[in-house]
Amino acid sequence: MSLLDVRNLRVTFDTETGPVQAVRGVSFSLGRERLGIVGESGSGKTMTGRAVLRLIRPPGRIEADAMTFDGQDLMRASERDMRALRGKRIGMIMQDPKFSLNPVMTVGRQLTEGLRLRDGLGRADAAAKALAALQAVQIRDPERVMDAYPHELSGGMGQRVMIAMMLIPEPDLLIADEPTSALDVTVQAEVLTILDTLVRDRNMSLIFISHDLRLVARFCDRVLVMYKGRIVEEVAAGKLLDAQHPYTRGLLNCLPRIGGPREPLPGLDRTGAWAE
Amino acid sequence: MSLIEIDNLSVTFRAKGRLVHAVEGVSFRVEERESYGLVGESGSGKSTILRAICGLAPVTGGTIRINGQPIPSSRGAGFAAQVQMVFQDPYASLHPRHTIDRTLSEPLAIHGIPGSDARVVQALVDVGLPPGFRFRYPHQLSGGQRQRVAIARALMLQPKILLLDEPTSALDASVQAEVLNLLNRLRAERGLTFLMVSHDLSVIDHMCDRILVMQHGKAVEELARADLAAARMTTAYARSLFEASADRMLAAP
């Protein structure tokens, strides 16, 4: 049985000029696997990830024919039930550590907060678990990082702290929304490899949301390509280069490559019926 | 003689009483009509070099010469007519309360160039925007359209040199392709010289003839385009940057 099942998900924002649909009927199901969601800005990929956790505030509305996680109906779940799921069963890693960590709390306090409040651990036990989590994301000097404030860390370190924080409750599903877009390329590869190893070792499911098709193909089993709130194509990551849909092909072709030809890059043709 | 000659350039900031060496002893030359790339990770000092050329960062050592002339300490109108810059974030680099028309005609007014009406329309057409965009405000434009306006503004005074600071890193891949194509077309049409900064090796490779890899404010290695494509780099850092480039991801599963 699949872990997460989403049928005809719609996210609508009521604006002064009428309703705007950010997600227009997205369906997918997820087992114990790594699923990538790719698209350009405005494609609805982030909204899809947030809708699973019901993290969309009014005037946004979430509608779906069905959205179940491990047998639990997410559309009918109370706010209290959702809180029990968030973090504990479904974790989320956000894009930018600068905005997602609490700037006036030390890393140690942020890491142990959940352990102490949610799991009722004592101070020493919580600290030990937090240290272990920091070691798991290969932070070299975890004691120093525990006492540091977020602004004292580099972007790569901050992102690792966020990964550590999300992995402490050992969720069944991890949603990573552009987890490395704020990072340099060499750091990005390092952080993604750490994330990949942890997800495999703990047998978690992963939804990896990114604008970078190549990155997603590398770290996922299956890729959904989104455009204007719809899934336009689903491909196995290994077969990405054989993708059929004009939008997917366009996304792949418009990227410059090292040693590629000097002629103008092909633009993206958005004239097909799929672009409506 | 090269068009841009940078010798032993150093930029040092004082932050909280501590000295920060943003650029340390970097030298390179850019020939006329050449496209030269600076590549490196954040904090490598690549953008600081562009800012130092424009006078937006203090030159604390070394010399910058353009056309053989050391650049004056206050940059002045003559410099602006020769060298212009396009910034990274098109959301932050256009005045939000000025229309596109005002943004584009301001350099003409400052330099006392007549005929701004026709020039603004022509500038918009040159960067592939409809002339009707003149009376719009930046918030009515998409990211790619704004970056086109920023490029149009930089070209208003018909400079010879464009300094490009990550001109496409805030844009989607398909929009990036359009803007890179536009830049290449303009360079060919007007014989421009580019000095371009990016963290994306494949973008730099597509745009530039020669590349300087930077790390921690220092020059690591200068590469010709053919050497990059053939992975003929000699330093470990340049190689690690090459290996980590997203472009390589599909090649090595």
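These are my notebook entries on a predicted model with chains A and B, covering chain A itself, its salt bridges and its interface with chain B.

**Entry 1: chain A as a whole**

I began with the secondary structure of chain A, where I counted 10 helices and 11 strands. I then looked up the extent of the C-alpha trace of chain A, which spans about 60 × 50 × 40 Å along its principal axes. For the radius of gyration I found 20 Å, and since a compact globule with 276 residues would have a value near 19 Å, the value for chain A agrees with that expectation.

Turning to burial, I noted that buried residues make up 51% of the 276 residues in chain A. I also checked how contacts are distributed along the sequence: of the contacts in chain A with a separation of 6 or more, 65% are between residues 24 or more positions apart.

**Entry 2: salt bridges around A:D196**

My search over all chains of the structure returned 36 salt bridges. One that I followed up joins A:D196 to A:R34, with the closest N and O atoms 2.6 Å apart. This pair links distant parts of the chain, as A:D196 lies in helix α8 of chain A and A:R34 in strand β3 (residues 34-38) of chain A, 162 residues apart. I looked up the accessibility of the two partners and found that both A:D196 and A:R34 are buried.

I then saw that A:D196 also meets A:R200 in a salt bridge, at 3.2 Å from N to O. Here the partners are four residues apart in helix α8 of chain A, so A:D196 and A:R200 are separated by about one helical turn. Which of these two is buried and which is exposed? A:D196 counts as buried because its relative accessibility is 14%, under the 20% limit, whereas A:R200 counts as exposed because its relative accessibility is 52%, over the 50% limit.

Salt bridges that share partners also join A:R32, A:D70, A:R89 and A:D172 into one network.

**Entry 3: the pair A:E63 and A:R61**

I next looked at A:E63 and A:R61, whose side chains meet in a salt bridge at 3.7 Å, N to O. A:E63 has a relative accessibility of 29% and therefore counts as partly exposed; A:R61, with a relative accessible area of 34%, is likewise partly exposed.

**Entry 4: the interface of chains A and B**

For the interface I recorded 29 residues of chain A in contact with 32 residues of chain B. The area buried between chain A and chain B is about 2,700 Å², and carbon and sulfur atoms give 57% of that area. In chain A the residues that lose the most area to chain B are A:R214, A:I258 and A:R262, which together account for 28% of what that side buries.

How many salt bridges are there between chain A and chain B? The count is one, and I traced a salt bridge from B:D209 to A:R262, where the closest N and O atoms are 3.7 Å apart. A:R262 thus appears in my notes both for this salt bridge and among the residues of chain A that lose the most area to chain B.

Across the same interface I also logged eight residue pairs in polar contact, with both residues at pLDDT 80 or more. On the side of chain A that touches chain B, α8 (185-201) and α9 (213-219) each supply at least two residues, and α9(A) gives the most, with five residues. By class, I find 16 nonpolar, four polar and nine charged residues on that side.

Methods. Residues are numbered from 1 along each chain as its sequence is written. Chains are lettered from A and ligands numbered from 1 in the order in which they are written. This is a predicted model: local features need pLDDT of at least 70, side-chain atom pairs count only at pLDDT 80 or more; totals for chains, interfaces and linings use all residues. Side-chain values use heavy atoms; hydrogens and water are left out. Contact means heavy atoms within 4.5 Å. Buried area is the accessible area (1.4 Å probe) that two parts lose on being put together, summed over both. A salt bridge is a side-chain nitrogen of Lys or Arg within 4 Å of a carboxyl oxygen of Asp or Glu. A polar contact is a pair of N or O atoms within 3.5 Å; within protein, one must be able to donate a hydrogen and the other to accept it, and residues adjacent in sequence count only if both atoms are side-chain atoms. Ala, Val, Leu, Ile, Met, Phe, Trp, Tyr, Cys and Pro count as nonpolar, Asp, Glu, Lys and Arg as charged, and the others, Gly among them, as polar. The radius of gyration is taken over C-alpha atoms; the globule rule is 2.2 Å times the number of residues to the power 0.38. Buried means under 20% relative accessible area, exposed over 50%, partly exposed in between (1.4 Å probe, protein chains only).
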